[in-house]
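Got the viewer open? Here is a short tour, stop by stop, with what to select and what to look for.

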Amino acid sequence: MRRLPSSVCSPSSHHLNPITSMSTGSNSLVWFRKSLRVHDNPALEHASKCSGSMYPVFVIDPHYMEPNQSSFSPGSSRAGVNRIRFLLESLSDLDSSLKKLGSRLLVLKGEPSDVILRCLQEWKVKRLCFEYDTDPYYQALDFKVKEYASSVGVEVFSPVSHTLFNPTEIIDKNGGKAPLSYQSFLKIAGEPSCADSELVMSYSSLPPVGDVGSLGVSEVPTLQELGYRDDEQDEWTPFRGGESEALKRLRKSISDKAWVANFEKPKGDPSAFLKPATTVLSPYLKKFGCLSSRYFYQCLQRVYKDVKKHTSPPVSLLGQLLWREFFYTTAFGTRNFDKMKGNPICKQIPWKEDHDMLAAWRDGKTGYPWIDAIMVQLLKWGWMHHLARHCVACFLTRGDLFIHWEQGRDVFERLLIDSDWAINNGNWVWLSCSSFFYQALSPITYHMDLFFVSKVYLFICLHFLRRCFFGGGIQYNRIYSPISFGKKYDPDGKYIKHFLPVLKDMPKQYIYEPWTAPLSVQTKAKCIVGKDYPKPMVMHDEASKECKRKMGEAYALNKKMNGNIGDEDLRDLRRKLENDEESNIRNQRPKLN
């Protein structure tokens, strides 16, 4: 067993039952869920100790994996096929690693908690090990499994290892409430307790797998074996799943110490797709845990020690990792975190329901090439740059369409290979200006796209983002332009032309606003707006102005009622906003003599 100094966090006793009477040679079961890796996996390490047999198990939930033809994109009822493929690749890589150590991954199918209970019974398991999970779905599963294990004398070891910090401890230090700003989280959290511990990176061998009986154990299935076709998508994500790929990508990222030291989130290029301007480690860190966040943390600290100067949170790479921790803690400590209603930290806003607009946004058919190219990249790759995510989320909600953030959240949840319950919901609540910010950071109202024009504006941007991150977030009247924001990074529209080939011959001066091109230009480019490519579903200047007005009234009502807004209050405000909008439209129409 090889250990790497300074990395393993000791799991909190709050979440585990100490092993006090485990005899040598008993059977252990390690239940893999997110931590699909061998390195820094305390549950695997503990299960391997003093065990005559060890059963490494992953349970395929049919609702998550089986094809569903009624969904808007290829995949199951819950996940897009890119995400399913990434998971299968991660499982295959884990299986390969276990086999090299004399073990293997046992894949079973069914409702996870029911399957695990059958395994405990059939295999006479005396020790059950699995990583603690803060997601409500797993909290419910784990309660059921722990209750049964306790009733039959099975020891349970459930360490906190998916995050740098134990969310429960952070909340306890904050008086029983989750910190609601990044700055307050950092003050409470301090340095991770795992900073000076040791990390188990590899093993010389693992205990053998015992008799599996008649439980229907299988190898990791292929997409085809799950019922998917080879041509399910016309373009697959270029990012492969698995611990091996995660460690390879990590090594490549940290090998450039100057890049790591100088990383600043606002400087990232959202239009860079052939060589993304980020580490693209999020799919490996978030949902599937192919990469240990603690190992990543230690790698960053080593780089920072080796350089003379480096960036700091919130804009540094470490700052991005700490954002992950902040959202995990807040999500865990907030009732109904994934909803607007019943969520004590979420502003109640009368978002509108428009299925046609939602579908156009989701399918990349808004008529705004910058927005559509990002959504097409999401559909094809299951990933896009974080600033690109900001743009499309703003466009859907407070920027242009005024559609509920929960509906955008659901699209991201399905399609993103790095989608994670806490972080996905946290980002949508933040980007829709529903929480995580002070109401009045500044009286200035300007578009986000005005940044990045010069060094002066870059300084303003960094100052603005630091205030947002440390104070809490974005004020609702700061909106990403669907035209000029992307143009600052990619004036030739290479990103748009790649993901929207229908516009590949459109001259660059019209690539972000093709509806402004003369018909002769559209004809020459073989792209007639309204026929080959859609007209803008809204006009940005008017739509954003209307969204600001609606947000202003919603904020005023939230303040007046101290957040205690009921369904009837929202209905009344929605009717008022709709009537005002119709009145404004009538007043703007030219009068006929």
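Before the first stop, one convention: two strands count as paired if DSSP finds at least two bridges between them. Keep in mind, too, that this is a predicted model.

**Stop 1: strand E5 and its neighbours**

Select residues 127-130, which form strand E5. Is this strand covered on one face or on both? Both: Arg127 and Cys129 are buried on one side, and Leu128 and Phe130 are buried on the other.

Now add residues 26-31, strand E2, which runs parallel to E5 and is joined to that strand by 4 bridges. For a spot to zoom in on, show Val30 and find Cys129 of E5 standing opposite.

Next, add residues 155-157, strand E6, whose pairing with E5 is also parallel and takes 3 bridges. Here Leu128 has Val156 as its bridge partner.

**Stop 2: over the helix**

Select residues 136-152 to bring in helix H5, which together with E5 and E6 makes a right-handed β-α-β unit. H5 has 17 residues, and its first and last C-alpha atoms are 25 Å apart, close to the 24 Å expected at 1.5 Å a residue.

Colour Tyr138, Leu141, Asp142, Val145 and Ala149: these are the buried residues of H5. They span an arc of only 95 degrees around the axis, so they sit on the same side of H5. The spacing fits a general rule: an α-helix has 3.6 residues a turn, so residues three or four places apart point the same way. Spin round to the other side of H5 and you'll find Ala140, Phe143, Ser150 and Ser151 exposed.

**Stop 3: rings**

Switch on the aromatic side chains. How many aromatic pairs are there? With ring centres required to lie within 6.5 Å, the count is 35. Take Phe337 and Phe436: their centres are 6.4 Å apart and their planes meet at 55 degrees, so the pair is tilted. Along the chain these two are 99 residues apart, with Phe337 in the loop between helices H12 and H13 and Phe436 in the loop between H17 and H18. Phe337 and Phe436 are both buried.

Widen the selection to see the cluster that ring pairs build around them; among its members are Phe165, Tyr182, Phe185, Trp323 and Trp430.

**Stop 4: charges over rings**

Finish with two arginines. Show Arg33 and Trp31: the charged end of Arg33 sits over the Trp31 ring, 4.4 Å from its centre. Then go to Arg414, which lies over the face of Phe72 at 5.4 Å from the ring centre.

How values were computed. Residues are numbered from 1 along each chain as its sequence is written. This is a predicted model: local features need pLDDT of at least 70, side-chain atom pairs count only at pLDDT 80 or more; totals for chains, interfaces and linings use all residues. Side-chain values use heavy atoms; hydrogens and water are left out. Buried means under 20% relative accessible area, exposed over 50%, partly exposed in between (1.4 Å probe, protein chains only). A crossover is right-handed if, with the strands pointing away from the viewer, the path from the first strand over the helix to the second runs clockwise. Rings of Phe, Tyr and Trp (its six-membered ring) pair if their centres lie within 6.5 Å; planes under 30 degrees apart count as stacked, over 60 as edge-to-face and the rest as tilted. A charge sits over a ring if NZ of Lys or CZ of Arg is within 6 Å of the ring centre and within 35 degrees of the ring normal. The expected span of a helix is 1.5 Å times one less than its number of residues. The arc is that of the directions from the helix axis to the C-beta atoms.
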